[in-house]
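Here are some notes to read with the model open beside you. They are meant for someone coming to it fresh, so take them in order.

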Amino acid sequence: MLSVCATPIGNLDDVTLRVLEELRRADLVLCEDTRHTRGLLQRHGIDARLLSYHEHNEAARTAELLPRLVAGERVALVSDAGLPGINDPGARLVAAALDAGVSVTVLPGASAVETALVASGLVGERYQFLGYLPRSEKALAELWAELAVWPHPAVAFESPKRLPKSLRSLAEALPERRVAVCRELTKRFEEVARGSAEEVSARFAEPPKGEITLVIGGGETAVAVNVGAAVAVSELVDAGLPRRQAADLVARLTGQPRNRLYRDSL
């Protein structure tokens, strides 16, 4: 049995009772950094056998562990923070275990993405998770161009060292876009800095300390494009064009999804 266990993103008390019980019962606990995980276990009085499982040994460890899982060992998988498999090692082992018919269960818990999204005040009905921001100027510019017409918030991870450069790039492309830099979430020096991309970029002209989660608000221009496109479909229908044909025409002209334009024009 493989149990994928979410661990705290900062405060060591932000762990579920189910996760603690699973870590106690496991024959083996896989973790990115054994020293880091040992601190969590000691905090909660758990004595467990630890084995490193990280991006540099993930393939070899998966091959090594699969026979043991098939044989019935109880293995718990954790990362340094949050849920394994989301921007952390784990997806390879989960897929291999499922393919081999091994029972896999996921024990949820703290999430930097959702915590930052709610703390930012920019939450909507949908959001996009970007993982770590790209490093090159060209890739960043392409991302900002994509987000310029994205009407929902987006969440990304960034290193403190690269944060000033990324914020300057965002401020140049979308200076008025609402942004929140969430630093050291759930820790003693937690900070959430909110404002326009231009304002927040000026605030973080130098690299800060700690873990960073960036929330970028949705684009109002995209909302206007969506509404305008739906109105155009309705006007074409009023002029005598069949609705499906009108939706197809406007979709080709604006790049908006045809099915959504059809629904929104009803």
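The points below go from the overall picture to single sheets, helices and residues.

1. First, a word on what you are looking at: this is a predicted model. The protein has 11 helices and 10 strands, and its C-alpha atoms fill a box of roughly 70 × 45 × 30 Å along the principal axes. Of its 266 residues, 43% are buried. If you take the contacts with a separation of 6 or more, 68% of them are between residues 24 or more positions apart.

2. Start with the parallel sheet. It is an open sheet of 5 strands, and reading across it gives the order 3-2-4-1-5. Strand 3 (50-52) and strand 5 (104-107) are the edge strands; each has a single partner, so one side of each has no neighbour in the sheet. Going from one strand to the next, the twist averages 25°.

3. Now zoom in on one pairing in that sheet. Strand 2 (residues 28-31) runs parallel to strand 3, and 3 bridges link the two. Which residue of strand 3 is the bridge partner of Leu-30? That would be Leu-51.

4. Two helices that pack on this sheet deserve a look. Helix 3 (residues 58-70) touches strand 1 (2-5), strand 2, strand 3 and strand 4 (75-77), and its direction makes about 145° with that of strand 3. Helix 4 (residues 91-99) touches strand 1, strand 2 and strand 5, and makes about 150° with the direction of strand 1.

5. Those two helices also meet each other. In general, a packed helix pair is described by the angle between the axes and the distance between them. For helix 3 and helix 4, the axes come within 10 Å and cross at roughly 30°, and the crossing is right-handed. On the helix 3 side you will find Glu-58, Ala-59, Thr-62, Leu-66 and Leu-69; facing them in helix 4 are Ala-91, Arg-92, Leu-93, Ala-96 and Ala-97.

6. Helix 1 (residues 17-25) is a nice one to rotate on screen. Its buried residues include Val-19, Leu-20, Glu-22 and Leu-23. They sit on the same side of helix 1 because they cover an arc of only 165° around the axis. Leu-17 and Arg-18 are exposed, on the face turned away from that buried side. What do the buried residues of helix 1 pack against? Their partners are strand 1, strand 2, helix 2 (34-43), strand 4 and strand 5.

7. Helix 5 (residues 112-120) can be read in a similar way. Ala-112, Val-113, Ala-116, Leu-117 and Ser-120 are its buried residues. Their arc around the axis is only 130°, which puts them on the same side of helix 5. They pack against strand 6 (128-132), strand 7 (154-158), strand 8 (178-183), strand 9 (191-196) and strand 10 (212-216).

8. Check both ends of helix 5 while you are there. At the N-terminal end, Ser-111 acts as a cap, with a side-chain oxygen 3.3 Å from the backbone nitrogen of Val-113. After the helix comes Gly-121, which has a positive phi, near 80°.

9. Is strand 10 enclosed or open to the outside? Since 5 of its 5 residues are buried, strand 10 is largely enclosed by the rest of the structure. Both of its faces are covered: Ile-212, Leu-214 and Ile-216 are buried on one side, and Thr-213 and Val-215 on the other.

10. Next, look at the strands paired with strand 10. Strand 7 pairs with strand 10 in the antiparallel sense over 5 bridges, and there Glu-158 stands opposite Ile-212. Strand 8 also pairs with strand 10 in the antiparallel sense, over 5 bridges. Here Val-181 is the residue opposite Leu-214.

11. One last residue to click on is Ala-202, which belongs to helix 8 (residues 197-203). Buried or exposed? Ala-202 counts as exposed, because its relative accessibility is 59% and the cut-off for exposed is over 50%. Arg-168 is 34 residues away along the chain, yet the C-alpha atoms of Ala-202 and Arg-168 are separated by 8.2 Å.

Definitions and conventions. Residues are numbered from 1 along each chain as its sequence is written. Side-chain values use heavy atoms; hydrogens and water are left out. Two strands pair if DSSP finds at least two bridges between them. Helices (H or I, at least four residues) and strands (E, at least two) are DSSP runs, numbered from the N terminus. Axes are lines fitted to C-alpha atoms, for helices over the stretch in contact, and angles run from 0 to 180 degrees between N-to-C directions. Contact means heavy atoms within 4.5 Å. Buried means under 20% relative accessible area, exposed over 50%, partly exposed in between (1.4 Å probe, protein chains only). The arc is that of the directions from the helix axis to the C-beta atoms. A polar contact is a pair of N or O atoms within 3.5 Å; within protein, one must be able to donate a hydrogen and the other to accept it, and residues adjacent in sequence count only if both atoms are side-chain atoms. A crossing is left-handed if the near helix is turned anticlockwise from the far one by less than a right angle, and right-handed if clockwise.
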